[in-house]
Structure formats: C-alpha cells, structure tokens
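Please open the model in a viewer and follow the selections below in order. Each stop names what to select and then describes what is found there.

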Amino acid sequence: QVQLVESGGGLVQPGGSLRLSCAASGSIFNINTMGWHRQAPGKQRELVALITSGGSTNYADSVKGRFAISRDNAKNTMYLQMNSLKPEDTAVYYCNADGLTGWRTLWNRWGQGTQVTVSS
C-alpha cells in the first residue's frame, strides 16, 4: 500500500506564507506526476499545481507567481510554497500522486487533506 500524508497547513494572515509538504510512503518503485488540489466550502475541488517526475510544472492561473511546487525525489516528498496568500486561498489542500509499486502495479493516491485558512 502507498500512502500520502500532508502537513504544514494552518491559519495565516493575508499576505503571509505557508509551506505544505506531502510525503509518500509504502511500496513505491517510482512516482510520476504529483499535484496539489484544493477544495473550498461549497466549491468543487480544483487543481492548484502539478509537477512531473522530470520537474515540469503547471499552475492554476489564480496562483501563478505566488505559489511554487517542488519535489524531492530522494525523499518521495512534494512541497507547495505559498506566498502572498489571500482569503480566497482558504481551502482544504489535498496532494495526489501516481506511480508504480514495488510489484510494478499502478497506484494513484490522495492524501487526507490539510486546512489552510487565510484570515486577519
């Protein structure tokens, strides 16, 4: 089994910063694409940022220039540096990843989510 565990959420004032982490563990042969998604109350889950195994990134227009996604392949960990946070960034942030297990079977997992609240 492969598990994803997020950390780093919390309460921050507008204009502040937070860094989220997503650690993958279990029988992992490799990790392909990793991504951050978020879901605000009453809204659908939306993509925030993606990063491929080669390091290519893609961002939602609403976070471009403010958020930065990165990964440490040696640690099977992905990060989301969030700067210049706005109240509209308030949401539960989920990480998602896919890859191959040690038995070379496909896996795709979601983390449990971490709350980010931007408020004065």
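Select V5 and display its surroundings in this predicted model. Beyond its neighbours within four places in sequence, V5 is in contact with S21, C22, A23 and Q112. The residue belongs to strand β1, which covers residues 2-7. V5 is partly exposed, as its relative accessible area is 44%. Add A24 to the selection: 19 residues separate V5 and A24 in sequence, while their C-alpha atoms are 6.6 Å apart in space.

Next, move to Y93, which is found in strand β9. Is Y93 buried or exposed? Its relative accessibility is 0%, so Y93 counts as buried. Show the residues around Y93, leaving aside those within four places in sequence: the contacts are E6, L20, W36, H37, R38, V48, F67, L80, M82, G113, T114 and V116. Then display the backbone of D89, whose oxygen is reached by the side chain of Y93 at 2.6 Å. For a link between distant parts of the sequence, select G9 as well; G9 and Y93 lie 84 residues apart along the chain, yet 8.1 Å separates their C-alpha atoms.

Remain in strand β9, which spans residues 91-101, and select N96. N96 has a relative accessible area of 13%, and because buried means under 20%, N96 falls in that class. Which backbone oxygen does the side chain of N96 reach? It is that of R109, at 3.0 Å. With sequence neighbours within four places set aside, the contacts of N96 are L4, T33, M34, G35, H37, M78, N108, R109 and W110. H37 appears in this list and also among the contacts of Y93.

Now extend the view to strand β10, residues 106-110, which pairs with β9 in the antiparallel sense over 5 bridges. Within this pairing, D98 stands opposite N108 of β10. The two strands form a hairpin with 4 residues between them, and R104 takes a positive phi near 65° there.

Turn to strand β4, residues 28-39, together with strand β5, residues 46-51; the two run antiparallel and are joined by 5 bridges. Select H37 to see L47 of β5 opposite. How many residues lie between β4 and β5 in their hairpin? There are 6, and G42 in the turn has a positive phi of about 75°.

From β5, continue to strand β6, residues 57-59, where the antiparallel pairing comprises 3 bridges. Here L50 has N58 in β6 as its bridge partner. The hairpin of β5 and β6 has 5 residues between the strands, and G55 adopts a positive phi near 100°.

For the last stop, display the largest pocket, which has a volume of about 170 Å³. It is lined by 13 residues, of which R38, A40, K43, E46 and E88 are the closest to its centre. R38 is also one of the contacts of Y93. Colour the lining by class to see 7 charged, 4 polar and 2 nonpolar residues.

Technical notes. Residues are numbered from 1 along each chain as its sequence is written. This is a predicted model: local features need pLDDT of at least 70, side-chain atom pairs count only at pLDDT 80 or more; totals for chains, interfaces and linings use all residues. Side-chain values use heavy atoms; hydrogens and water are left out. On a 1 Å grid over the protein atoms alone, a cavity is a set of points where a 1.4 Å probe fits but cannot get out, and a pocket is an open set with protein on both sides within 12 Å along at least five of seven lines; lining residues have an atom within 4 Å of a point. Grid points are joined across faces, edges and corners, and a volume is the space filled by probe spheres set on the points. Ala, Val, Leu, Ile, Met, Phe, Trp, Tyr, Cys and Pro count as nonpolar, Asp, Glu, Lys and Arg as charged, and the others, Gly among them, as polar. Buried means under 20% relative accessible area, exposed over 50%, partly exposed in between (1.4 Å probe, protein chains only). A polar contact is a pair of N or O atoms within 3.5 Å; within protein, one must be able to donate a hydrogen and the other to accept it, and residues adjacent in sequence count only if both atoms are side-chain atoms. Contact means heavy atoms within 4.5 Å. Two strands pair if DSSP finds at least two bridges between them.
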